[in-house]
Structure formats: structure tokens, C-alpha cells
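Colleague: Please take a close look at one helix of this model and what it lies against. Then work outward from there, so that a first-year student can follow how the rest is put together.

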Protein chains: 2
Amino acid sequence: MRCEIVAIGTELLLGHIVDTNSSWIARRLALAGIDSHFQTKVGDNLDRIVQAIEIALNRSEAVIVCGGLGPTHDDLTRNAIARVMGTELVRDSKIVDRIRNMFKERGRVMANNNLTQADIPIGATAIPEQPGTAAGLICPIGEKIIYAVPGVPSEMMAMVDGTIINALRRKAGVSAIIRTRTLRTWGASESLLAELVAPRISALEVIGNPTIAFQASGIEGIKIKITAKATAEEEVNKILSREENQIRALIGNLVFGVDNNNMEASILQLLEERGLTLAIAESLTGGMLGSRLTDIPGASKVFKGAIVTYANDLKLELLNVSKGPVVSELCAREMATGVRKLLAADVGISVTGVAGPSEQDGQPVGTVFVGLAIHNQIFSKQLLLPPPRQRIREFTIINALNFLRLNLT
Amino acid sequence: MRCEIVAIGTELLLGHIVDTNSSWIARRLALAGIDSHFQTKVGDNLDRIVQAIEIALNRSEAVIVCGGLGPTHDDLTRNAIARVMGTELVRDSKIVDRIRNMFKERGRVMANNNLTQADIPIGATAIPEQPGTAAGLICPIGEKIIYAVPGVPSEMMAMVDGTIINALRRKAGVSAIIRTRTLRTWGASESLLAELVAPRISALEVIGNPTIAFQASGIEGIKIKITAKATAEEEVNKILSREENQIRALIGNLVFGVDNNNMEASILQLLEERGLTLAIAESLTGGMLGSRLTDIPGASKVFKGAIVTYANDLKLELLNVSKGPVVSELCAREMATGVRKLLAADVGISVTGVAGPSEQDGQPVGTVFVGLAIHNQIFSKQLLLPPPRQRIREFTIINALNFLRLNLT
């Protein structure tokens, strides 16, 4: 069973709105084990909507058309589907009653054009769920089927979850469940990861289930997505866990988290497990390291505070750093030690470097030093990061946190 | 001139990622006066990518293919375009050099499969901008043209803005210039703003050029977008400036910045003009206030540093705050004074409050106090912000900065 999504609206084509509806429906289809090979956006133009629906219906057994069911002159989905079905629109008295009642209950006056929302193609029926004035449509064409849902997310969701997904699963005789597990990695390029995982990729090409895919995600690192198919929840989880173990055996501690557990959450968890508190000394990042960690609820169990010494003299005055170049490995080490003592924490971490636009202390833009003090042990590391400024700051954070992670495990 | 967008990636079809790239490109095309009637998403499957590109190329003069240019086995855009062009891939030695240099400069080892990124269809050329290892492609087919850009947003944007839009405008012979100026406001609701600006809206409905539109943008405030059309750059700017003055006369100091000048940039500019330095004391925001200000290059002229006292005892020890509830107006005032003195700055600003998940000091989640010390003058303000946590933290920042702005002017 293949189901395409056609999203309607000139505002989508102009980029005024991002099409999150299609993504939401796509996730629902995938979870239900229904393939979706193409998704199309098209504007409020009758000929082009007809064309998009026809192309989709030629390739797939089902099409979900999203949007264009409102009461105004640029809402053309009903007309387009009627054209594809080779039929006319007819006013549906049940939908008329629903709309009239809705206005009555809300104590509002109904404009006459609202009744155009009760005009549906001959042969179509209304989707039972109808939270708003726009009726969703079920439109059979031979063995195939078109569904129409409104673009208002809450209304669309009620219809997709209430009617469409179940109907598609029944039609497809699907009993398969598809689930994805994401291994989040830091420290290797996508191509190096692919080389390390190559034995599994080859093996899975033969086995077919699960599949793995890489997704480069900037400062979130590179994600390895394992997708498995099975008939029961328990079985699909078993396949995912087995594959996770296989991959971890190949790439080891490059994995810092699973699914929604990002680097910050992983670090806080590690520190909490070991009963360690954290203090931060920041320079080029201006507070971003502390900000990121405190995005996570419960950070206060671990994180005591941060000293942001953006002006150089503050590094000496507050953190007791020796005189000398502040973009240096020595400075990073002294900052980490200094902040750990000042804030009476178990662990101190520091970053100092050049975010740009211009060089500093004779060091080029992108030079960053990370310092780390875990009780009396001191570690440090130099990074060379590519501009621009924002990227240098972001990559400083994730690299510093990963350095902390590797020295804790 | 019609240009379609084809976004590549199974993760898009599965809804794991929302396709924001297509929306961004669509906005750029619209601004350049180039029509885009269809946009398609397709997975990492060679046959289906070929099919999607061919359908698009039949309907439009140009196609921008986004994604699928990485080095791994599921990156198939290069192969698909070669198939559409009826040709083969050939390794491009200039791209090979670029990729080798990129790895060398970053001091990293290149995996061999990275060189597949230098394989391009015969007849294609590389887009000059190449911020990453993925080369963008210019692929002429008769009178029509396919562009390929990477799915990494920053790389895609550099290529679209650097090469593609200009080439499409030239090809289309577009001469009208459309420009937008954005007035950024904070402190009034969208409906209040609309009321204040109503006289201009009525007048412009008659005049027709420029137009104005409101755009609610969360923690970025509400934007008033003035869009003007003319045949020359100078003329379009004159229209925009005239309209900006008209609107400012109606809404006064609600405007904090223009175009890309956000609140942080406006604050730094104000402080620099007055020769004032700034120190920050943060609690619930964990460093975010300092992080935001130092996003702006040149922040060091004004910003000295920050003390993040996430643990309560640090407020007393480092900032000399009196014993008592830390979520209080008094605490905010003492934090601002304390950090101003500790860091020897002209201005101290502080935030303390409850980001959640649970209440603190008997204050409900969302209670925030802002303190401000400008030399010996002390100001403070209470905020009540709606959850969730992230939203409370974000709104704390913009409200604190706006409070500083209003007390500086």
C-alpha cells in the first residue's frame, strides 16, 4: 500500500508557511507501515491541483490531500477532486446541518459562503470527525481512494488518526509495525562512520530488515537511524536492540546518546550518576555552555554556575589565571581549575578561543582551547574550527561537552 | 520563468525532518520574481528521484534539487541527474582538490568515499560556492537547467544566494526589484499594533505600493514588513524609507530594530553610543543572556562578562545578595548591583525566577524578576511568563533586554 500526500496552498509554495502537516502525516503513515514515496506541494490553482492529484493517484493506491477546504474563492480542493473523479459537486444536507449547528453552538452568525463547505463530489462521503466547519472527504475512485483533510493542524490530525490511518491499514491488510531508533554520534565524519559500519550495511543489504541510514545534523552530530519492521511491538524492539548492539560494537564510544537524548542530557546524566557537580568558565561562548545545559530540566542537580570572563582582565581577577596570552592551553587549564575552586564544584570545564571576526593573541579565528579539571586531574585540548563566528561557538560547545564525556567514561 | 524544487531524503518522507529547505528556497524565488508551482519530496531511491526530476523538468524551465549529495551509499542525486541528462558520472579533479584541501585545513583524515562527492555528470559544472565537502552542480539540459545543492542548510543557502537566484533572474530577464524592510517591535500585541497603524493601512489600500504586513514572531516580537516594488534600487529604498518614517510616527519606541538588527544588536549599539559597559547576573537563564549578546560580533566593546549563579548559595557568596528568597524583586536588584560592582561595569542587569518544572520560594512557575543598575540608579520589574520552561527562559531574555533599552533611551 502506497499513499502520497498532496499539500495545497500558495502560502506553502511561497515559503510563508513551512509544510509541517505533510511531515506529521508522513510520520503517522510510517508508524502504520504504509509507504509514502512522494509528497507534493501545489498552489491554489485548479488545473495544477488536478494535475498533482492525478500524478499521485497514478503512482499510489491512496492520496491524502491536505488543505484547500475552506469557504473562500481560493479553496479549490473539492472542485479539483470532483474533476479527478469525473463528476460534479452536490450539496450534502448532513454537512449543512453540522455547520449550522456549529455556528449556533458558538453563538455566531453564519456567512452564506460557509455552505460551500458542504458541497462534495458525487460518490464522496464525509469523514465522521469534523472538529471545525471544514468537512473531510472520503472519495473512492475504482480500487483507489482520495482523502481530503483541512489544513488546520488540529482538524487534520483528528481525521487522520480517527479515520484515515485505520482505513488504510485495513485496506492494505497491514499488520506490520515500523519503528526507528536513533544512535547519536560525535567525533567521526559521516564517511568514516560509514566505513566503520560497512560490515553491517553489507549484511543488512542481504537481510533487508532492519535498515540503517546516516543523517548529518550539524552541531547535533551524525545520527545513525535504525529502522525495523515487525508484526508486534515487542519483536520490533528486539530487532532494534540487537542492531544497536551490533553497531555499538563497531563504533564504540562515538555514540553519546539515543533518540532524543542530546549531548547536554547525556552529560548531566553521567555527572549525576557519578555524584559530581559542575562549574563552567566561558570566554568566546559568552554563556552558551551554561545556557545549553540548563535547557534540560533538573540541571540544578549537577550544575552550580558559570563565570563568563569575556573581558580578559576578568580571567585574571576572578579565576586567578596567570598573566599571558588568554587564547592558550595554559589559560584554559587555569580557568577550569579556577572556576572549580571558586564555585566549590567537583568538575570545572572551560573554553577560551577566537570566535572572530578578527584574530587574537596571534591565534587565527577558530582556535579554541578546552580545559577540564576533574578534582585534581587536569586535561586540555586544542580545537581548530571553521568560521563563521556562530559555527565556531556552537562547535566549541559540543566539542567541549564531548571532551568532558570521554574523560568521565 | 518557473522553477520547481525537488527535496531528496527518506527522512523527509518519513517525517523525521520537516522540509524547511524548500520553504527557504521558495521565499528566495518569490522575492526574485520567479514562479514555483510545484514542490516535491522524494526518498533516497534512484528510480523515484529520476521520476520526480523528470516530471518537474517537463513542467518548468528550472529545477533545484536539494539533498542527496553526501558521500554515502544513499546519496543518489548525482546519479539521478546523470540519468536524466542521459550521461555518465566523471570525477572532477578541481572538486577533488577542493575536498582534499578542506580535510587538510581541518587537520582531519579523508575517507576514500569522500571522493565520490567529486563525481559529477558529464556536461555539469560545480557551483563556485562550496562551504562543505559537497559540491553543488549546474546541469544544463537543452534550454532548461537543473541545479543540485546539499541538504545542509548553510551550504544550500550559500549556493542559492551566491549563484542560483542571480542566474535564474538573468535567464528570466526579470527587472522589477522587490525589497522588504522589517520594523521589529516589542511590547504591543498584534491587534494593538494593527490599530495604531490602521491609518497607514487604509491609505496604502488606495496607493497599492508599498504594502505592509504583520508577522508575529514569538520571542523575536512582532515584525512589520514593508514591501515595495520599483525599477531601480534607489527608488525602492526611497519608498521604504518614507513608509518607515510614517509608521514610526504612529508607533514610536515600540520599534527596537530594523531588518536583521535584533534586540541584542540594538542594545549593544545603544550601550556603545553612550560609552557604557555591561555586566550580567543570571540565574534561571543559565548563561543565555550573555550567550545571546555575544552572538553579535564586536560585543566585547560593551560586554565585560557574566556571573551565572544557578545554585542559590552562589548568589550570596559571589554577588553579595542578602539572605532571603532568591525569586524576589530585592534579590534581582541586589544581583544587578552586585555584578556591576564585581565586574567593575557601568551597567548591571540581572534575572532571577522560576523556569520550572516545579515552583520555588512559593512562587509559581513563570515568575521572573529583572534587576537593572545603571551607575547608582536601580530599577526592577516583575514578569509573569507562560510555560513551558524553554519559553519562559526565552521570554525572560527579550523582556530583560527591552527593559534595559527603555531605561537607556
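Modeller: The part to start with is helix H6 (residues 153-172) of chain A, in what is a predicted model. H6(A) lies across strand S1 (3-8), strand S3 (62-66) and strand S8 (144-149) of chain A. Its direction makes an angle of about 165 degrees with that of S8(A).

Those strands belong to a sheet that takes in both chains. The sheet is open and has 12 strands, with mixed pairing. Read from the chain A end, the order begins S6(A)-S7(A)-S8(A)-S3(A)-S1(A)-S2(A). It then passes to chain B and continues S2(B)-S1(B)-S3(B)-S8(B)-S7(B)-S6(B). Which strands form the edges? They are strand S6 (125-126) of chain A and strand S6 (125-126) of chain B, each of which pairs on one side only. At the chain B edge, S6(B) pairs with strand S7 (residues 137-141) of chain B through two bridges, in the antiparallel sense. To find this spot in the view, look for B:Ala126, whose bridge partner in S7(B) is B:Leu137.

Since the sheet passes from one chain to the other, the contact between the chains comes next. On the chain B side, 62 residues are in contact with 63 residues of chain A. Several elements of chain B each supply at least two residues to the side that touches chain A. Among the helices doing so are H1 (10-13), H2 (20-31), H3 (46-59), H10 (288-293) and H13 (389-408) of chain B. The strands are S2 (38-42) and S14 (303-309) of chain B. S14(B) gives the largest share, seven residues. By type, the side of chain B that touches chain A has 26 nonpolar, 25 polar and 11 charged residues.

S14(B) also pairs across to the other chain. Strand S14 (residues 303-309) of chain A and S14(B) run antiparallel and are joined by five bridges. One of the matched positions is A:Gly305, whose bridge partner in S14(B) is B:Thr309.

Now back to chain A as a whole. It has 13 helices and 17 strands. Is chain A compact or spread out? The globule rule gives 22 Å for 409 residues, whereas the radius of gyration of chain A is 28 Å, well over that value, so chain A is more spread out than a compact globule. Its C-alpha trace spans about 85 × 55 × 35 Å along the principal axes. Of the 409 residues in chain A, 48% are buried. Counting contacts in chain A between residues at least 6 apart in sequence, 64% join residues at least 24 apart.

The domain assignment divides chain A into domain 1 (3-172), domain 2 (177-258) and domain 3 (263-408). H6(A), with its residues 153-172, falls within the bounds of domain 1. From the C-alpha centre of domain 1 to that of domain 3 of chain A is 52 Å.

Strand S9 (residues 177-185) of chain A is a useful place to see the pairing in domain 2. S9(A) pairs with strand S11 (residues 222-230) of chain A over nine bridges, in the antiparallel sense. In that pairing, A:Arg179 has A:Ala228 of S11(A) as its bridge partner. S9(A) is also joined to strand S12 (residues 255-258) of chain A by three bridges, and these strands too run antiparallel. There, A:Thr185 stands opposite A:Val255 in S12(A).

After S12(A), a loop leads to helix H9 (263-273) of chain A, and A:Asp259 lies in this loop. A:Asp259 is not a glycine, yet it has a positive phi of about 55 degrees. Is A:Asp259 buried or exposed? It is exposed, because 11 other C-beta atoms lie within 10 Å and the limit for exposed is 12 or fewer.

Chain B has a residue that can be set beside it. B:Asp361, in the loop between strand S15 (347-353) and strand S16 (367-374) of chain B, has a positive phi of about 50 degrees without being a glycine. B:Asp361 counts as partly exposed, with 15 C-beta neighbours inside 10 Å.

Loops also hold cis peptide bonds. In chain A, one such bond joins A:Gly356 and A:Pro357, with omega about 10 degrees. A:Pro357 is in the loop between strand S15 (347-353) and strand S16 (367-374) of chain A. In chain B, the bond from B:Pro387 to B:Pro388 is cis, and its omega is near 5 degrees. B:Pro388 sits in the loop between strand S17 (377-384) and H13 of chain B. That helix, H13(B), is among the elements that supply residues to the side touching chain A.

How values were computed
Residues are numbered from 1 along each chain as its sequence is written. Chains are lettered from A and ligands numbered from 1 in the order in which they are written. This is a predicted model: local features need pLDDT of at least 70, side-chain atom pairs count only at pLDDT 80 or more; totals for chains, interfaces and linings use all residues. Two strands pair if DSSP finds at least two bridges between them. Helices (H or I, at least four residues) and strands (E, at least two) are DSSP runs, numbered from the N terminus. Two residues are in contact if their C-beta atoms, placed from the backbone, lie within 7 Å. Axes are lines fitted to C-alpha atoms, for helices over the stretch in contact, and angles run from 0 to 180 degrees between N-to-C directions. Ala, Val, Leu, Ile, Met, Phe, Trp, Tyr, Cys and Pro count as nonpolar, Asp, Glu, Lys and Arg as charged, and the others, Gly among them, as polar. The radius of gyration is taken over C-alpha atoms; the globule rule is 2.2 Å times the number of residues to the power 0.38. A residue is buried if 20 or more other C-beta atoms lie within 10 Å of its own, exposed if 12 or fewer, and partly exposed in between; C-beta atoms are placed from the backbone. Domain bounds come from an automatic or database domain assignment.
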